[in-house]
Amino acid sequence: MKAPTLLVLLSSPLSLAFLVAPVPRTALIRRAAARLSVPRMDDTDTMPVPEAFLASRQTYIKDFDEYKTMYERSIRDPEGFWGEIAKQFHWEVPFTKVVDFNFKSTNGKIFSRWFEGGKTNICYNALDRHVKAGHGGQIAMYHESNEEGEELPSWTYAQMLAEVEKMGSWLLAQGVKPGDKVSIFMPMVPQLPIAMLACARIGAVHSVVFGGFSAEALANRLVDAQSTVVITADGVMRGTKPVKLFETVAAAAALCSSSMPIAKVLILQRLGPDKLKLELEKGRDVWWHEALSAADPSCAVEWMGAEDPLFVLYTSGSTGKPKGVVHTTGGYMVYAATTSKYIFDLKPEDTFFCTADCGWITGHTYVTYGPMLNRAKQLVFEGVPSYPDAGRLWRAVDKYEVTQIYTAPTAIRSLMKVGDTPVTSTSRKSLKLLGSVGEPINPEAWRWYHKVVGDGRCPIVDTWWQTETGGIMITPLPTKGFGEKPGCASLPFFGVQPVLLTSEGVELEGAAEGLLALKGPWPSAIRAVLGDYERFRNTYFPIDGYYMTGDGARRDEDGYIWITGRVDDVINTSGHRIGTAEVESAMVLHPKVAEAAVVGYPHPIKGEGIYVYVTVKQGVEQTEELLKELNLQCRKEIGAFATPDVVHWAPALPKTRSGKIMRRILRKIAAGQISQEDLGDTSTLAEPGVVDILIQSAPNNI
Ligand code: PRX
């Protein structure tokens with residue numbers, strides 16, 4: 001039998017190019033255990049929000065007591081609390097009711113509705129409102145190229161508005177109507193938020209697909225959204241690698257051609273013909289610069305009902321194909337703006353730098369919408385943190401005088417690994433606040449971020465939320481008297497009521513550990529799974545009265561919430577959500593594979609790695625060649641970021657007598673927990689001997 005092979009993912013969107021491969025799995029797990037100490041309940045060395053931060057600015061929220069008062073009011077009087085905030089935006093038609101909801105399926109259909117009767121437009125509030133108030137000349141976005149030293153134009157609010165209007169006119173000229181879905185498959189450049197805002201302006205629903213997805217994955221999303229207009233770019237350089245976006249769109253269009261022909265593809269020229277020549281299809285493919293220079297420069301705003309859909313964003317769940325999460329206009333707008341304002345203490349004079357791609361929810365809420373609704377300046381970076389070296393982010397911070405940086409623990413851990421010098425050789429004196437998102441941040445990484453990156457003078461906001469929640473739900477706040485605990489998402493934002501439940505749906509009181517659920521509605525909650533009400537209800541509202549997050553959490557004596565990770569079959573790798581079912585389906589598409597089971601395991605950089613158990617068909621040899629083919633299969637069906645880290649040739653899989661794979665056991669073996677005590681009860685297995693065989697074939701024992 002061959003030993004499982006380790007493959008370290010080099011092509012993650014965060015491009016961890018300085019990782020070395022291969023590393024023995026035992027070493028990886030040992031290191032993972034050392035670095036990823038799960039936040040402990042006794043790890044409560046609470047740190048105050050640094051004095052230096054408080055002295056440098058007047059925070060929107062004066063102190064912890066003010067947070068408490070505002071929080072209590074937001075729960076007691078949501079109508080008053082959110083109604084007052086919402087009125088600070090432009091409503092073409094005022095709303096008549098702040099909130100209405102039902103979270104109990106025994107009471108009829110699940111719904112939440114905010115600001116009913118109102119008509120507004122999020123693009124108007126993010127752009128026109130500021131330009132009309134005389135701020136058109138303010139920088140909205142700086143654009144940092146992948147190539148350090150290449151100067152690219154920045155965009156003022158007025159310039160962004162002008163481009164958005166032209167694109168809105170072009171979309172209208174293609175026959176796009178309010179409610180139609182437009183797909184966006186672009187690199188992380190300012191034209192990506194511009195495309196999103198243009199859709200919002202004319203009432204079209206954008207569906208942004210992360211540029212790292214494969215043609216197959218894109219095609220599935222195009223068909224599910226019934227989207228026949230696609231906005232893309234020729235390509236972009238990320239590190240040393242070209243990402244050929246148009247090529248993927250063209251391949252996806254070919255895959256959809258029989259069921260749903262793609263009518264128009266608008267292509268931004270980012271690389272140009274010297275670097276990347278495209279084969280355009282006449283009548284379908286048009287260049288952005290040509291189409292927009294011919295478009296009407298003025299494009300009227302479409303006033304949208306508060307509950308009209310704003311966007312669809314696909315995310316992975318524990319079963320089946322990715323779900324199209326639907327967010328609507330009014331509540332999302334108010335919540336995106338309010339969380340950005342208070343959690344990052346975001347002011348118009350700030351330069352905010354969120355390193356997330358707009359292909360994910362973080363880029364939607366904390367690049368395109370939240371900061372722009374607050375009229376902040378932003379830095380948009382199209383490259384990767386490790387190129388040309390690990391000092392890149394910090395030099396960018398100095399160059400643009402970034403005040404708040406918002407990034408993922410994976411990036412922090414990968415940069416931490418390289419040592420302090422790339423950080424300490426930069427000034428970073430402009431930095432005021434640090435943010436973390438997407439996965440649990442281990443206390444060691446938190447402390448490094450705090451001490452080395454922030455020189456001990458910046459608060460850290462460890463923000464917990466999800467694609468479905470639309471905005472940050474649990475977080476520390478950067479205000480006087482707020483105690484920060486390294487590795488802890490802390491306390492709920494305004495209007496959010498987190499509870500811990502047993503699996504029977506009983507609410508736990510005091511210090512406890514359980515399933516994390518949210519009681520009651522919040523403005524930016526998921527409204528629907530596109531085209532599938534049953535799935536929406538069954539996934540998120542299986543227990544009357546609660547939205548189930550799919551995460552587990554612990555609450556300590558201070559009421560602080562520590563996220564412990566997913567409790568379902570979803571892997572969070574490098575802050576990306578991947579359903580184990582998606583990887584399994586990709587694997588079994590290979591003709592030599594009989595069966596596959598996928599689990600997550602602790603990974604020192606990525607948080608969780610993808611561990612695949614593969615059973616091959618009889619007579620098939622488990623060769624390096626086959627391994628390569630399996631990896632390619634994942635890249636083809638999903639994208640490079642879903643490439644397995646470990647493939648374990650499994651002679652058989654542990655199953656119950658009814659044929660269900662016991663993933664609990666597979667997770668333990670993958671994590672190197674192989675004693676009988678670790679494995680727990682195996683008596684319900686149809687063939688208990690399988691466990692021993694799997695342990696024997698794991699590298700630890702070879
Ligand atoms: O498991 C939680 C984890 O990321 C999941 C949501 O993933 P996604 O919808 O892709 O959105 C990511 C960006 C908001 C959650 O269910 N997660 C997110 N933030 C944190 C986190 N886990 C621990 N701590 C966090 N701060």
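Let me begin with Q58, which lies in the loop between α2 (51-56) and α3 (64-76). Please keep in mind throughout that what we are looking at is a predicted model. Is Q58 buried or exposed? With a relative accessible area of 71%, Q58 is exposed, and its C-alpha atom is separated by 9.4 Å from that of T479, although the two residues are 421 residues apart along the chain.

From there I turn to the annotated region. The UniProt record, an unreviewed entry, carries the annotation "domain: AMP-dependent synthetase/ligase", and that annotation covers residues 137-522. In the model this span is 31% helix and 24% strand, and the C-alpha atoms at its two ends lie 34 Å apart.

Next comes the ligand, and here I would like to go through the surroundings with some care. There are 17 residues around the ligand, and those that come nearest are T463, T467, D551, R566 and R577. If we sort the residues of this shell by character, they divide into 6 nonpolar, 6 polar and 5 charged.

Which atoms of the protein approach the polar atoms of the ligand? On the backbone side, an N or O atom of T463 lies 2.8 Å from a nitrogen atom of the ligand, while a polar backbone atom of E439 is 3.4 Å from a ligand nitrogen. On the side-chain side, N572 places a polar atom 3.1 Å from an oxygen atom of the ligand. As for how much of the ligand is covered, the protein takes up 96% of the 540 Å² of accessible area that the ligand has on its own. In terms of secondary structure, the elements that contribute two or more residues to the shell are α12 (361-373), β22 (460-463) and β30 (561-566).

Finally, the cysteines. How many disulfides does a search of the whole structure find? The search returns 0. Why is C256 not bonded to another cysteine? The closest cysteine sulfur, in C199, is 17 Å from the sulfur of C256, and that is too far for a bond, given that a disulfide requires the two sulfur atoms to be within 2.5 Å. C256 also counts as buried, because its relative accessibility is 1%, and the limit for buried is under 20%. C358 is likewise in no disulfide, the nearest cysteine sulfur, that of C354, being 7.8 Å away, and C358 is buried, with a relative accessible area of 0%.

To close where I started, Q58 is exposed, whereas C256 and C358 are buried.

How values were computed. Residues are numbered from 1 along each chain as its sequence is written. This is a predicted model: local features need pLDDT of at least 70, side-chain atom pairs count only at pLDDT 80 or more; totals for chains, interfaces and linings use all residues. Side-chain values use heavy atoms; hydrogens and water are left out. UniProt positions are given in the numbering used here, feature names are shortened, and annotations may be inferred rather than shown by experiment. Helices (H or I, at least four residues) and strands (E, at least two) are DSSP runs, numbered from the N terminus. A residue is near a molecule or strand if one of its heavy atoms lies within 4 Å of it. A polar contact is a pair of N or O atoms within 3.5 Å; within protein, one must be able to donate a hydrogen and the other to accept it, and residues adjacent in sequence count only if both atoms are side-chain atoms. Accessible areas come from the Shrake-Rupley method with a 1.4 Å probe; for residues, only the protein chains shown count as cover. Ala, Val, Leu, Ile, Met, Phe, Trp, Tyr, Cys and Pro count as nonpolar, Asp, Glu, Lys and Arg as charged, and the others, Gly among them, as polar. Buried means under 20% relative accessible area, exposed over 50%, partly exposed in between (1.4 Å probe, protein chains only).
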